[in-house]
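Grab a pen and work through these exercises with the model open beside you. Each task is followed by a solution in steps.

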Amino acid sequence: MTAEGTTRFAGGSPKRRARARQVRAALAGLLLLPGATGCYTYVPLWTGNPTPGSEITLGLSDRGRDALAGPLGPGATRITGRLATATDSLFVIDVAEVSYVRGGVPAKWNGEEVRVPRDYVSGLSQRQLSKSRSWITAGLVVGALALASTIVINGFGNDPASGKPPGGGPQPQ
């Protein structure tokens with residue numbers, strides 16, 4: 001107990017702890033923001049081969065869906081993963097996820113290698129950096145940092161302990 005008869009907490013005043021929680025929440029939001037917005041997009045490849053090591057998505061034709069039911073499961077419509085190799089007749093892909101006819105959440109895989117003949121593929125897309133999404137994300141991060149610094153400097157408003165509203169100057173009676 002202090003001389004005023006109140007208990008002092010080891011972590012500082014309640015006001016200081018509340019402000020620290022606000023700062024941690026703002027920082028957590030900033031860290032999660034880029035993952036939520038995403039700076040990449042899948043771009044269709046109409047000609048040429050994707051480079052080995054790039055992330056690609058293969059759309060499967062009806063024939064491919066039937067032929068690959070053994071390794072992928074029945075009704076696979078799309079395979080996403082890292083391209084291991086590509087030849088004139090075959091894609092070898094380390095699978096990250098598979099989407100199915102019934103929809104829902106795609107099934108996650110752990111990089112198992114699957115061989116997909118090109119004549120089973122109905123569409124091919126490669127993951128690329130999206131400049132517009134990257135600029136939007138950068139703008140949101142800068143805005144969030146400005147907001148967080150303003151909150152740290154000025155707080156959220158009035159101090160309940162003082163009973164005074166925010167701002168200075170004479171108070172109306």
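Contact here means heavy atoms within 4.5 Å. This is a predicted model, where local features need pLDDT of at least 70 and side-chain atom pairs count only at pLDDT 80 or more, while totals for chains, interfaces and linings use all residues. Residues are numbered from 1 along each chain as its sequence is written, and side-chain values use heavy atoms, with hydrogens and water left out.

**Exercise 1. Work out the order of helices and strands along the chain.**

Step 1: Count the elements. Helices (H or I, at least four residues) and strands (E, at least two) are DSSP runs, numbered from the N terminus. You should get 4 helices and 6 strands.

Step 2: Walk along the sequence, and the pattern reads α-β-β-α-α-β-β-β-β-α.

**Exercise 2. Find the residues that touch the most other members of the largest nonpolar core, then follow up on I93.**

Step 1: Pin down the terms. Buried means under 20% relative accessible area, exposed over 50%, and partly exposed in between (1.4 Å probe, protein chains only). A nonpolar core is a set of buried Ala, Val, Leu, Ile, Met, Phe, Trp, Tyr and Cys residues joined through side-chain atoms within 4.5 Å.

Step 2: The largest core has 18 residues, and L58, L72, I93 and V116 touch the most other members. Two or more residues come from each of β2, β3 (76-86), β4 (90-100), β5 (107-117) and β6 (121-129). The top contributor is β4, with 4 residues.

Step 3: Leave out residues up to four places away in sequence, and the contacts of I93 include I56, L58, I79, V114 and V116. Charged residues turn up too, among them R82, E112 and E113.

**Exercise 3. Track down the salt bridge of R127 and say which parts of the chain it ties together.**

Step 1: Set the cut-off: a salt bridge is a side-chain nitrogen of Lys or Arg within 4 Å of a carboxyl oxygen of Asp or Glu. The whole structure has 6 of them.

Step 2: R127 pairs with E55 at 3.5 Å, N to O. R127 sits in strand β6 and E55 in strand β2, so the pair ties together parts 72 residues apart in sequence.

Step 3: Check accessibility: R127 is partly exposed at 32%, and E55 is partly exposed at 22%.

Step 4: Look for partners, and you'll find E55, R82 and R127 linked in a network of salt bridges.

**Exercise 4. In the R65–D62 salt bridge, decide whether each residue is buried or exposed.**

Step 1: The side chains meet at 2.1 Å, N to O. Both residues lie in helix α2 (residues 62-67), 3 residues apart, about one turn of the helix.

Step 2: R65 is buried at 17% relative accessible area, whereas D62 is exposed at 54%.
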